[in-house]
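Please look over the structure below alongside its sequence. The paragraphs that follow go through a few of its parts in turn.

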Amino acid sequence: MSKIYCLMGKSCSGKDTIFRELMDDNSLNLKPIVLYTTRPKRENEIDGKEYFFIDESELNEYKEMDKIIEMREYDTIDGKWYYCTIDDGEIDLNKNDYLGIVTLEAYKSFRSNFGEDKIVPIYITLDDGIRLQRALKREMEQVTPNYNELCRRFIADNEDFSEEKLESSKIKERYCNYELQKCIDNIKKILPIAKNII
């Protein structure tokens with residue numbers, strides 16, 4: 001039975017790097033779930049790879065067509081940003097296993113939409129101090145750094161991924177990202193094809 005693997009974690013815990021490494025391993029045969037967002041594209045992001053970048057009018061069209069699987073709204077320093085998964089015909093659990101970077105709320109929506117037996121959580125953890133260093137370095141590389149948004153997001157993560165919320169969502173397994181390759185190897189142990197090749 002095909003599954004959707006939901007990669008989660010606080011900002012700058014290494015989700016994007018882990019996602020790329022897993023997607024680049026052809027032996028896993030995972031298909032990506034690419035989310036849609038109305039937030040501005042960062043330097044080096046490619047439309048259709050990290051996210052599909054849309055505006056609010058396009059988002060409203062998807063809403064009218066009842067194509068939204070799950071959606072989150074964030075009040076940022078620069079206004080409201082939306083992230084969502086859209087039923088664009090790309091997810092077919094009769095054919096493929098999928099990997100996506102999602103929030104805890106999105107993970108719960110996936111379970112409701114596709115069924116708990118088809119959704120597998122992969123929660124990445126890392127020390128807050130290391131995450132903050134990474135976040136600051138990444139923001140400094142932007143053409144127009146937005147330190148206020150960095151701080152807002154960092155603080156919001158502690159609420160979004162509180163122990164109470166993780167427990168109520170039945171997320172018990174943690175994948176520590178202090179050593180990237182070790183973290184990836186541990187994740188591969190739960191993936192269907194990788195079990196026999198590690």
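Glycine 115, just after helix H3, takes a positive phi of about 105°. This and all that follows is read from a predicted model. The helix before glycine 115 is H3, residues 104-114. Its buried residues are Leu104, Ala106, Tyr107, Phe110, Arg111 and Phe114. Viewed down the axis of H3, these buried residues fall within an arc of 160°, so they line one face of the helix.

One of the buried residues of H3, Ala106, is also in contact with arginine 72. Arginine 72 lies in strand E5, which spans residues 68-76. Is arginine 72 buried or exposed? Its relative accessibility is 8%, and buried means under 20%, so arginine 72 counts as buried. Its side chain makes a polar contact, at 3.4 Å, with the side chain of threonine 103. Apart from neighbours within four places in sequence, arginine 72 is in contact with Leu35, Trp81, Tyr82, Tyr83, Cys84, Thr103, Glu105 and Ala106.

Strand E1, residues 4-9, is mostly covered, with 6 of its 6 residues buried. Both of its faces are covered: Ile4, Cys6 and Met8 are buried on one side, and Tyr5, Leu7 and Gly9 are buried on the other.

Which strands pair with E1? One is E7 (residues 97-101), which pairs with E1 in the parallel sense over 4 bridges. In that pairing, leucine 7 stands opposite isoleucine 101 of E7. Another is E8 (residues 119-125), also in the parallel sense, over 6 bridges. Here glycine 9 stands opposite isoleucine 124 of E8.

Conventions. Residues are numbered from 1 along each chain as its sequence is written. This is a predicted model: local features need pLDDT of at least 70, side-chain atom pairs count only at pLDDT 80 or more; totals for chains, interfaces and linings use all residues. Side-chain values use heavy atoms; hydrogens and water are left out. Buried means under 20% relative accessible area, exposed over 50%, partly exposed in between (1.4 Å probe, protein chains only). Helices (H or I, at least four residues) and strands (E, at least two) are DSSP runs, numbered from the N terminus. Two strands pair if DSSP finds at least two bridges between them. The arc is that of the directions from the helix axis to the C-beta atoms. A polar contact is a pair of N or O atoms within 3.5 Å; within protein, one must be able to donate a hydrogen and the other to accept it, and residues adjacent in sequence count only if both atoms are side-chain atoms. Contact means heavy atoms within 4.5 Å.
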